[in-house]
Each structure stands twice: as C-alpha cells, then as structure tokens.
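Biologist: I am new to this structure and would like a close look at a single part of it. Could you walk me through the place where the two chains meet, and set the scene before you do?

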2 protein chains.
Amino acid sequence: MKRAITPTRQENFPEWYQQLVKAAELAEHSPVRGCMVIKPWGYMLWENIQSLLDKRLKAAGHQNAYFPLLIPLKYLEKEATHVEGFAKECGVVTHHRLKKGEGGQLMLDGKLEEPLIIRPTSETIIMEMFSKWIKSYRDLPLRINQWANVFRWEMRVRLFLRTAEFLWQEGHTAHATKEEALKEALHMLNLYKDFAENILAIPIIEGEKTENERFPGAISTYSIEAMMQDGKALQMGTSHFLGQNFSKASNITFQDSAGKLDLAWTTSWGVSTRLIGGIIMAHSDDDGLILPPRIAPVHIVIIPLVHHLTFKEGIYNYCHKLKEKLATLSYMNCPLEVHIDERDMRSGEKIWSWIKKGVPIRVEVGPRELEKGYLTVTKRHRGHKEREKQSEEQFACNVIDQLEEIQQKLFQKAKCFRMAHLREINTKEEFYQFFKKERGFASAHWSGDPSIEETLQKELNVSIRSIPMNRERRGGTCPFSGGKSNCRVIFAKAY
Amino acid sequence: MKRAITPTRQENFPEWYQQLVKAAELAEHSPVRGCMVIKPWGYMLWENIQSLLDKRLKAAGHQNAYFPLLIPLKYLEKEATHVEGFAKECGVVTHHRLKKGEGGQLMLDGKLEEPLIIRPTSETIIMEMFSKWIKSYRDLPLRINQWANVFRWEMRVRLFLRTAEFLWQEGHTAHATKEEALKEALHMLNLYKDFAENILAIPIIEGEKTENERFPGAISTYSIEAMMQDGKALQMGTSHFLGQNFSKASNITFQDSAGKLDLAWTTSWGVSTRLIGGIIMAHSDDDGLILPPRIAPVHIVIIPLVHHLTFKEGIYNYCHKLKEKLATLSYMNCPLEVHIDERDMRSGEKIWSWIKKGVPIRVEVGPRELEKGYLTVTKRHRGHKEREKQSEEQFACNVIDQLEEIQQKLFQKAKCFRMAHLREINTKEEFYQFFKKERGFASAHWSGDPSIEETLQKELNVSIRSIPMNRERRGGTCPFSGGKSNCRVIFAKAY
C-alpha cells in the first residue's frame, strides 16, 4: 500500500523524518547554514508549547524577563568549564558596520575592541545582572525565565533536533541554600516530565547525567529522556544544579538574616524547539504527523466534499453551522479549534494534506452526509481509512471525550513501545548483540568508570542517557569491567 | 511637594524618563553596549502588547513563522537602497569558534567565507523564502508575521526608545496586484492606529512619510505618530508599501490565472518595544508610571495595612477573600488581574512601589477598613492622594466600569494635550519662534522640496513627521520657499 511519506520509518527512519517535516509543512532549511525556517504549522506547535508551559512556569513562581543577545567574551570566560564547553560552536561578532570599498563592494568596518558572542545560553550575562539585583536574603529566591533564540554553531543539521539557531526557554534561579537550589532543579525536572507526559503524550525517563554529559559549569545535570520509534533516545529537556560555580564567577553575594555575607546557589533549566522533533518521532506514522490533541493547533478539520456545484452552498452553510456549534465547546480551558478547509482544490488533496499535518479528528461533509444526516468522522491516530458514521448530536456531545481518549491512547502506545524495547542486560556480549542488531534502551549495571562510556560511544555509538533517581538502587556487577555497581543505568543510541 | 521621580518632567524630561524607567523597574542598561535588560514588569507589558496585537494580526489573516537571526551579506545586498540604509549599523558575524592561543587566551577561529549580518529587519531573508513558496496566484496573498529580536548598532542609547537590540513583530505580505498590496499596507497602518488608541490610550496621527524618512527600499512608508508630554513626536509604528522592489531583488514571481508570469507586490510593517516608551511618555507623571488599564499587567493591587500583628491574620484573610471575589470578574475577555502585596516591608514603601509601577487601582485594607466595612480605593491617574471610601459591594459591582472610565480619561487627556500643542502656522518667523520657545507639533504648508526638510532639521532639529492622508487636502503657500503646497503637513522634533 502506498503511504504518504517515502521512505517509511522501517526503510529509513532519518530520511522518513526529513520527508515528514517537509510534507507536514513544519519547517525548512534556510539558505543560512545551520538555521531553519519554522513554517506556520510548526510555529503554531511552538506557540502552543510556549503558552502551556509558560502558564506552568508562572504558576511555579517564575517571572519572564529579557536579556541581551550578545555576550562579551570576558563574561563567557568567567566560568572556565563553561567557556570551554561552548568555545567550539560560537557565533562571533567582530564588527559593527559595513563601508563601501573603492570598487563599490561592501567591506567590514568598525572593528569592536572586544568580540561579542551570540548567546549559546545566558548563564553568564544573567548571573551578572543577578549580582546587581541580589543584596539580601529578602531578594531570594529569585526566579527568572527567558524565552529567546540561542545560537550554537552546528555542522550536522537536523531540523528541530540539531540546528545552529533554535528557540527555547531558559530558567535561571538563585537561592540562599544548597538544599533549596537542588530542590528547585529537581522540581523543574519534574515539571518538564509532567509536561512531556501529560501534554505531549511522551513517556519520560528522568534521571541524572554522567559527568561526561554534564552541562559545562554544572555540579549535576538532570534530564528527561524519551524513546523514539527507532529506539533511540531523545534528550527533551535538562535541569542543572550549578552549585556556587556561577555565583563565584559573577560574585552573587547576599546578606543572610544574621547579616553575614554568603554566596548564592543557582540553577538553570531549559527546553527548546527540539520538543517538536520529539512529538514527530514519538507518535507519527508513514502517512505523516500524528498530533496529541492537547498540543494540536487544530483539533477538528471539516472537509466539505463538493463534487457538484449544485450542492456547494448547502454543504458550506452546513459546515459553517457545525463549526460555530463546535467552537462553543471548550478544550484545555480554551475554545475547541475547528477549521473548515475551503481551499479551491480537490477533496482528496485536501484530506491528504490534513492527514500529513496530523490533525486529530477529520469530519467529512458531502451530499450523502447532508441527506442522511450524519457526519463521516476519521481519527488520525487509527490510520486514515477507518471512517465512522456519527450523528451531529452524538459527535458534538462526546468530541471532547474522544479527543481525551486519543490523547491517552497515544501516551499508552508510546509507553508500550518503550516497554517492549527496554531490555535488562547482564553481559557484555548480550549488550553488544543488542545494540548491533536491535533497537531500544538497555538497562545495565555500570561501575562508574567514564572510560567505559567512551569505549561504548566509540564502538557502538551508545551512551549512558540516565542514572535513574526514583528507582530502588540495587547493587550488581558491571558487565564491562566486572567492577561493583550501585544501580542499573539506561544506555542508548541518542540524538 | 516631594515627588517620587527626580527631576520632574518640567525640570528635565529626558532625565525624568530615565529615572522613571528605573523606579518602575521596567528595564536597565546591560553591560553589553546598546543592549537593554527588560525586567519582569517591563516584560509583562510587552507580553500584553504581544498577546493583544497577535490576536488582531491573526484575525486579519496573518500567520506567525520564524526566520533565521543571521542574514548572509549577499542577501542584504540584493536591494541596493536597503543595504545602504542599514550598512552603518550592522552587527557582523565573522567567525564560528574560539580556540586557545599559546598563552591560554581565547582567540578567534573558524573564519566564515562570507560574513553574516544579525538581522536589522528581515525583508531580504523572508523574501528569499517567499520566492520558493509562491508559484501561482493561488498562493497569494501570502501573509506572514514574525515576533523576533533585531539588531541595529546604536551609539546613543535610550531604553525602549533607541537600543541596539530590540524586540518587535515584523509582518511581510505578498500580493498579486499593486492595489491589493497598497490596501494591505494601509490596513495595517489603521490596525496599528486602532491598537495604539484603543489599547494604549495614545491618540495617533497617521500619515505618509517624506522621501527623506522612507524605509530603505520602500516605495512609500506610512507611520503612526504620537505626541509625547514634552511635545516631541514618537513614531510608534510603520507600514511600508514596497512595490516590486523586493520581488525583483528576490525574484518572487507567480503565474496569474491566465498562465502569465508576473512579479508579486509586497508590504512590510512593524511595531516594537518602543511602544513601551510611548506608554511611559504619553501618560505618566512625576510620581512614576501611569498605565492604561487595558494594557496593565495588574489591574488592582491590594495592600494589607498591618501596623500591629494582632490584626494581621484577619486582614490577610480578608484580602485573600476579596482577591478571590474580584478574580472571578472578567476584563478584556480575561480574568481581572488582582495582586496582594504580601511582602515583608512597610506599608508606605509598598504603596509607593505600586504608585511608581503605575497600577490603575490601589485598594488598602487595614483595621479601620475591616471594622467599618469599606475599602480605601485610590486611582493612579488622579495622583496618589485622592482616596475614596467604597463598600466592597459597590467596588466589586463597578470596578470594570471604573477601569474603563480610567482608560477613556487617559485617552481624552492625551488628546486634549495634543490639541493644545498642535499649532497651525503660516509664516517662517512664527515657525522658528514656535520651535525655539514652545513645545508641540506644527501644521504648516510645505512645497515638497527635500532641502527645506534638511535645513529645518539642521537649524531647529525639526522634521516632517507625517503627510496627512485622511484630511481634506487644501492648497496653500509654503512659508519656507513661497512655493505652492498641496496640503499642510505635521512638523515636530522627534525621538
């Protein structure tokens, strides 16, 4: 059977991904190396992510603010590990104007005394401001979030997953005690997990990163990791406990209630447009995108089936009445998003465009539906052929329940997939066999030796994704070194 | 009488502005030359502007998308006037990594083959994408909007008014005919006028710009201009009819319904964080910011007056009940924003902080209020002393009307101010006297000769802000040249 996306997931997953992004009109490569153009359908997804996540951040006490795009090199240098981590992927601004040369061609002019770096992340500049704002324990905790674009030069670009410029939110907090800062970092990790599972319908393994994978300058990095349909791991968000590293670098001191001067404890955490890559790879099929209803920009698309102009007016009128009726319903505390496709093109073409875009429910209205008084309803997650007849009454009464059912089914399906591809492994041989012949995550013991990670990365392209936090830690033997291990960790190939 | 902001508007308007921005905690200069930090209170204002304007743009058929931050020099060069207009204020990226030198210091590395420019505006890169997306008349009109940061190197920085980096929206549209594109440019101008007047309570003069003040690359530029309290003009938004200039440069062609290939007609238009400067300078007084209710992040602040701990619990409980009650009310289709100031500080200090921040209505609740059963209500726009006693019942019943009344009064006040400072002038002597000794706008005839503009700019720092569009055009004599004039135009000193 012909499917809308060629190749299929089975045939070539990375190429399927590229073709899907194109077919669903989510994004495109731009003529600027490494930078993507996010098209309206992709940007609507990002707007929904922003608005739903922003509400949660505000409810958790974070305030939005905005900091400069450019960071003086000397700020980046303040935290030694930090600058080392980002030095190899910096966009560097060196001039502030252009002038005409003798031949009329434009030349660089106005050389800056000190180069400016396009922010790869904003710890250093935000901490500089924190050091001015924080004087006393009364100013703590300070919780600031920024929605912004950031820039990390990337050679191997994959739309949404790995681009030089991407959009994200970065939260930065300062606290009076180590305990409070650590609690905040873990709280944000859980907020991300909850968002990914409940809104994006993607099951999460949360845990700590190994030293190798730590954010440059952090004491500990935590992440939410999800399994994609090719069995690879996608890191969907990170939260960092930064200890006093950045406080020391930027001199963030405060007077405690006894009048003593102390260094603040800080955290940072972020999610980005990468989440859109996660939605695609967790749920979609060989016909295109499948969107969890809670994040879908359009919940229901109505397709008027007009094969003869005689019926056009009647069908269109009915579609508009139906839309009006449905738009009075509320979903996720907002009006249900209903769209009528009135474009001047063949119905088949229309239908396929919405299948590829992943709208959860499609309603077709043609002369037969009008005459016999029913709607032809198709749910995207069941494929594209399984049509149901529903009366308008019946549909309007339980469409919200139907959307919620789809949301739950997508989450359950992704959870079952992960369960089927998460293998407990106890020997090195089995481990190598698994990653050479199968797809998925391995749960295995590890002695804690970083050189094992490096070997596995080199030989299998596998890394430790997560050291579980909330599970029972049971000791065992590391299958790679024979050494003692405190707990099983999650290994996978990763994006 | 001591006022919260020193100096007063009368004493030194520019310095009053700086001090107000600081006192209201709207923004700060950052350590990065020309770039500001927008603090939470300022950013909330921007979020409200974004959300209210975005709804209007979407209703007008525009879709949001996102385009690259960096623009290859060769794209900027495609439209000759355009690049000339921006060449002197470009942030130029020349390298993509840093490496350690022999002494351990960081050095530039990875020189780019072609420099990249941080977008000062995005016509060139967006038109490049339009040329790929537009094939047929069926793809037109194409209406795209982007919310983004842009960068124009500025030497004389004024927070919100003139900064190197600022936040804005830029709309870009392509049309099949000249008439349709021109209509779009004017439609957006009117949308901006309506937004400024109805939401920001700032009366607008809309009109066309002279050739001297045209956007680089435009056929015609339209703007909304407002009078600030120092009599100067603030250009609050622009809309450009670009003709086929950018279509030619980027080769945006489409097949018309007869199959003939034609060039598209384009427009662009934008407003920025500058609007916040407009809100400040149009409405505020010597005690700080005054916010029109429709744009205020908080509509009502409740101040518990606790001079003795005995009453604390009762007062706080009452404040929370009051907040809950008020929060069920709806204003501008959203819940009324009510805030209780529970900070651990003196009541007087709390009250002053909200006066300076410009919250429209302040409610004080102390032991006396609790005992006698009334609220002490103060409206920011009336100064800060005029307290009214209102019963809770009375207050809750008409608070929405009271907010709307404040909104209208601020608009009327700004309109009266403008009327009082808009002078019809017929002789050169009077014109020079006016701009040397008084403040305001002059409505005077102009022959159309650009050299007059240059002289006035040099001698009086005055420019033509607006060639009126919707007024009766009546001929007259240019007081500067004695030449013939088609209509009066608006002259002013400007930000």
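**Where the chains meet**

Modeller: Happy to! Chain A is divided into domain 1 (67-273), domain 2 (293-408) and domain 3 (422-492). Please keep in mind that this is a predicted model.

Now to the meeting place itself. Here 47 residues of chain B are in contact with 47 residues of chain A. On the side of chain B that touches chain A, strand β5 (residues 92-100) of chain B gives the most, with 7 residues. By type, the residues on that side of chain B divide into 29 nonpolar, 8 polar and 10 charged.

Strand β5 is a good place to zoom in. Strand β5 (residues 92-100) of chain A is joined to β5(B) by 3 bridges, and these two strands run antiparallel. If you would like a pair to look for, A:Val92 stands opposite B:His95 in β5(B).

Next, the symmetry. Chain B is superposed on chain A by a rotation of 180° with 0.0 Å of shift along its axis, at an RMSD of 0.0 Å. The two copies are thus related as by a two-fold rotation axis. To find that axis from chain B, start at B:Val93: its C-alpha is the one in chain B nearest the axis, 2.1 Å from it. Both copies use the same surface, as 100% of the contact residues of chain B recur in chain A.

How values were computed: Residues numbered from 1 in each chain as written. Chains lettered and ligands numbered in written order. Predicted model: local features only at pLDDT ≥ 70, side-chain atom pairs only at ≥ 80, totals over all residues. Contact = placed C-beta atoms within 7 Å. Helix = DSSP H or I, 4+ residues; strand = E, 2+ residues; numbered from the N terminus. Nonpolar A, V, L, I, M, F, W, Y, C, P; charged D, E, K, R; others polar. Pairing = 2+ DSSP bridges. Least-squares fit on C-alpha atoms with pLDDT ≥ 70 in both. Domains from an automatic or database assignment.
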